[in-house]
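User: Hi! Could you walk me through this one? I'd like to start with how the chains meet.

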Protein chains: 2
Amino acid sequence: MNQKKKVSAEVIKRLPRYYRYLGDLKKNGVVRISSKALAQSMKVTASQIRQDFNCFGMFGQQGYGYNVEALQTVIGEILGINSGHKTIIIGAGYLGHALANYKSFEKRGFKLIGIFDIDKEVIGQKINNVDIMPMDQIEQFVKLHKPDIAIITVPKSAANEVVDVLIKCKIKGVLNFTYTDIAVPDGIAIENVHPSDALMTLSYKIKTKKEGKGNEV
Amino acid sequence: MNQKKKVSAEVIKRLPRYYRYLGDLKKNGVVRISSKALAQSMKVTASQIRQDFNCFGMFGQQGYGYNVEALQTVIGEILGINSGHKTIIIGAGYLGHALANYKSFEKRGFKLIGIFDIDKEVIGQKINNVDIMPMDQIEQFVKLHKPDIAIITVPKSAANEVVDVLIKCKIKGVLNFTYTDIAVPDGIAIENVHPSDALMTLSYKIKTKKEGKGNEV
């Protein structure tokens, strides 16, 4: 891949969405698309799309546009998802169940290989054909099967204890759904999903619409 | 409230996190805090905190810092959550169950008043003491009870149909958990939560850590 310039953080933030739209286009049999048509469906400007794609060396051909499949492959490569990531889920409550059944995770190269919980009622069961194992087996399991990513859905009060175990067994990345920010050492990547923060941002947007102010946040 | 300047989109994005941290401090009995101490616990710079808070007219007192409760109240007011928002959840699957049980929603002034699904097996049941009703009663319910916010957790294929109904009954805001971006008219606020996008961003962070590049996205 021909990465012409350093890709900025702002561009990186937009990549998952590009990846998703290109996947939908591919599924619908679209072979190529112009920056204008892609911009219209994604509600961004064609100029932003051209600038973003230029950043990682993808230049659309005049009168032809972008090859959808090639573009998605390049974006997947930048995101590091083409090689696949082994994933575990910690916490088999409703949210853990929902995520274990998420079809889009596997489609994007994230393979669920284990689920962990403390509840004896659910240990031994399976979700989406993956075993639910006791929490105290995490360390042994991670050392043996080497998952890259742990998705944490345990209650806030249990979050730090779980993370300490994960740090100890050198997990590479943590997707944190607990309602708290988690501190990890420099070598571990972390991404937080906080539905309550999203709800507060939505509240702000509702308020500004009522006041007749702009919407973009 | 004394809003000195126009609050920028970047500042607004940080408000839910400030609100959350201040709530934790309040819970732990902290009455006042310096920008330096808050910065340390939030892993941002004290200068950014002072700038952000200045934006909405909150100036810490020299040698005293910020009053935690007053600051949280002001941020809550800017976010529009102090007055409370009536909320409904559409889709009573695992994710719907998880969100209906989210304690932090109610704590932040979002009151769940109804849940809707198409599955006859769950209609008539309750989650967290709130009724699950049939999907075809949404319109009637919204007109009668006037919720501000609909949280959508239906499958991607059902998303547009649900949104059309919500637009028709003039919902104010939509929190979208379906794995697709939803088009709404100008008067309706929307906020998307896409766990798969978060997982792809995490993958990028893992990849750049391995390559010894920076981490911040």
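Analyst: Happy to; we'll take the chain contact, then a sheet, then a pair of helices, bearing in mind that this is a predicted model.

User: Great. How many residues does each chain bring to the contact?

Analyst: Chain A contributes 50 residues and chain B contributes 50 residues.

User: And which element gives the most on the chain A side?

Analyst: That's α9(A), with 14 residues. By class, the side of chain A that touches chain B has 27 nonpolar, 12 polar and 11 charged residues.

User: Switching topic: what's the strand order in the chain A sheet?

Analyst: The sheet is open, with 7 strands in the order β5-β6-β4-β3-β7-β8-β9 and mixed pairing. Its edge strands are β5 and β9 of chain A. β5(A) runs antiparallel to β6(A), joined to that strand by 2 bridges, and A:Lys126 sits opposite A:Asp131 in β6(A).

User: What packs on that sheet?

Analyst: Helix α8 of chain A does, touching β3, β7 and β8 of chain A. From the other chain, helix α9 of chain B lies across β3, β4, β7, β8 and β9 of chain A, at about 160 degrees to β9(A).

User: Last one: at what angle do α2 and α3 of chain B pack?

Analyst: About 115 degrees, with their axes 8 Å apart, so α2(B) and α3(B) are roughly perpendicular to each other. Their crossing is right-handed.

User: Which residues meet there?

Analyst: B:Ser35, B:Lys36, B:Leu38 and B:Ala39 in α2(B) meet B:Ala46, B:Ile49 and B:Arg50 in α3(B). That makes 4 nonpolar, 1 polar and 2 charged residues.

Key. Residues numbered from 1 in each chain as written. Chains lettered and ligands numbered in written order. Predicted model: local features only at pLDDT ≥ 70, side-chain atom pairs only at ≥ 80, totals over all residues. Contact = placed C-beta atoms within 7 Å. Helix = DSSP H or I, 4+ residues; strand = E, 2+ residues; numbered from the N terminus. Nonpolar A, V, L, I, M, F, W, Y, C, P; charged D, E, K, R; others polar. Axes fitted to C-alpha atoms, helices over the stretch in contact; angles between N-to-C directions. Parallel < 35°, antiparallel > 145°, perpendicular 65-115°, else oblique. Left-handed = near helix turned anticlockwise from the far one by under 90°. Pairing = 2+ DSSP bridges.
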